[in-house]
Amino acid sequence: MSALLTNIAAEMERLQQAHRVRELSLGHGVDFTSNDYLGLARHPALREAAIAALEADAILGAGGSRLLRGHHQAHAHLEDFAARFFGVEKTLFMGNGFLANYAIFTTLCGRHDAVVFDERVHASVKEGIHASPAPRFRARHNDLDSFEAAMHRAREKGARRVFIACESVYSMDGDLAPLKELDALASRYEAVLLVDEAHATGVFGAGGRGLGEERQGESWIVLHTGGKALGVSGALICARGAVIDYLINKARPFIYSTAPPPHLAAALRRALQLLDEEPWRRTRVLERASFARETLGVPKSPHRPASQIIPIVLGEEARTLDVARALQDAGFDVRAIRPPTVPEGTSRLRISIHADHSEDDIRALAAALRIAAATP
């Protein structure tokens, strides 16, 4: 144990010197950091749905994995409703997006396959890819030529099947993937497109079904998470029925995980219903995001619409931490994002806009940011 503790102390010292020590801190001040984009996390309808489920079953926890008595009526109702809601054959409810992505890649991608992935795709996708036996090919961020070149290399090396992995809205940059073009590329190479809609679910699409709502093809496998705009937790894998059935039988992260509590499944189902009942929330959040970009002086992309995630790239890690602390002291919960979460030299503040932010909240944040950034 002493050798272990010595190694830990040395590594923690290295992290300290590099300004990369992370600590848990409670949220305080105006929330500009969480992923509660639609403001649903405190919605009374979700609370009522969870309470009703608890009172109906008198069960707090699932009691086991889904295959060993952990499967409850609330899970089945959620999955059936979600399949109709997202317009797919079947869905599979799992505990969180990380677990779901890990299940997808480790189960579906074999050693005779290949995965082409965007270099800035979420860590949960990368971990799943790295844990799978499939050869992997990195593509430059949102660069279609780079994607096609990687797919060509994969085919040249004898890949039986090719999977393309991307996020629809990138969590640290806030930019949107070219899903239409990636879908066309997948069709040309007879590839499967794996789309993580985590930061688009509830916000994008005519009905809040995600950025791929109006173009999702049969060769798509899509992940929608419940812990961001939907205000609850968990994740829904959406795919053809045969894919879902295969995951139920072969995905170790699903088979050997205790099921999410039934009352959370009931709350998530209610959150999906609210997307249709209260469409003003997604309109409001994108309007506020546009206002925030103008007020903060962040230029829009000339190529694609902006999202509710606004990065303020400051570069140096120590300076980014100092500015974040100054904003927190001024009453705004804004956090510093540093490597390895983002590339070296791109440490940033990640501003997250919510439907319940007022224009005055955003103006006040911009004023505090000007002062904090100007302080040496």
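Helix 2 and helix 11 cross in a right-handed manner, and this pair is a good place to start. The model is a predicted one, in which local features need pLDDT of at least 70, side-chain atom pairs count only at pLDDT 80 or more, and totals for chains, interfaces and linings use all residues. Residues are numbered from 1 along each chain as its sequence is written, and side-chain values use heavy atoms, leaving out hydrogens and water.

Helices (H or I, at least four residues) and strands (E, at least two) are DSSP runs counted from the N terminus. A crossing is called left-handed if the near helix is turned anticlockwise from the far one by less than a right angle, and right-handed if clockwise. Helix 2 covers residues 44-57 and helix 11 residues 262-277; they pack at an angle of about 145 degrees, with axes 8 Å apart. Here the axes are lines fitted to C-alpha atoms, for helices over the stretch in contact, and angles run from 0 to 180 degrees between N-to-C directions. On the helix 2 side the meeting residues include Ala45, Leu46 and Ala49, and on the helix 11 side they include His263, Ala266 and Arg270, where contact means heavy atoms within 4.5 Å. By class, this contact has 10 nonpolar, one polar and one charged residues. For these classes, Ala, Val, Leu, Ile, Met, Phe, Trp, Tyr, Cys and Pro count as nonpolar, Asp, Glu, Lys and Arg as charged, and the others, Gly among them, as polar.

Helix 11 has another partner. Helix 4 (residues 73-86) packs with helix 11 at about 25 degrees, with axes 8 Å apart. That angle makes helix 4 roughly parallel to helix 11, since angles under 35 degrees count as roughly parallel, over 145 as roughly antiparallel, 65 to 115 as roughly perpendicular and the rest as oblique. Their crossing is left-handed. Among the residues in contact are Phe81, Phe85 and Phe86 of helix 4 and Leu268, Leu272 and Leu275 of helix 11.

Now follow the chain to helix 13 and helix 14 (residues 359-374), which pack at about 135 degrees with axes 9 Å apart. The two are therefore oblique to each other. Helix 13 passes helix 14 in a right-handed crossing. Arg319, Val323, Ala326 and Leu327 of helix 13 touch Leu365, Ala368, Leu369, Ala372 and Ala373 of helix 14.

Helix 13 also takes part in the largest pocket, giving the most to its lining with six residues. About 1300 Å³ of space lies in this pocket. Of its 41 lining residues, the closest to the centre are Arg22, Ala336, Ile337, Arg338 and Thr341. On a 1 Å grid over the protein atoms alone, a pocket is an open set of points with protein on both sides within 12 Å along at least five of seven lines, a cavity is a set where a 1.4 Å probe fits but cannot get out, and lining residues have an atom within 4 Å of a point. Points are joined across faces, edges and corners, and a volume is the space filled by probe spheres set on them.

By this rule there is one cavity of 30 Å³ or more. The largest cavity holds about 60 Å³, and its lining divides into eight nonpolar, one polar and one charged residues. Helix 5 (97-108), strand 6 (192-196) and strand 7 (220-225) each supply at least two of them.

Finally, two details of the backbone. The peptide bond from Pro339 to Pro340 is cis, with omega near 10 degrees. Arg69, in helix 3 (residues 66-70), has a positive phi near 70 degrees.
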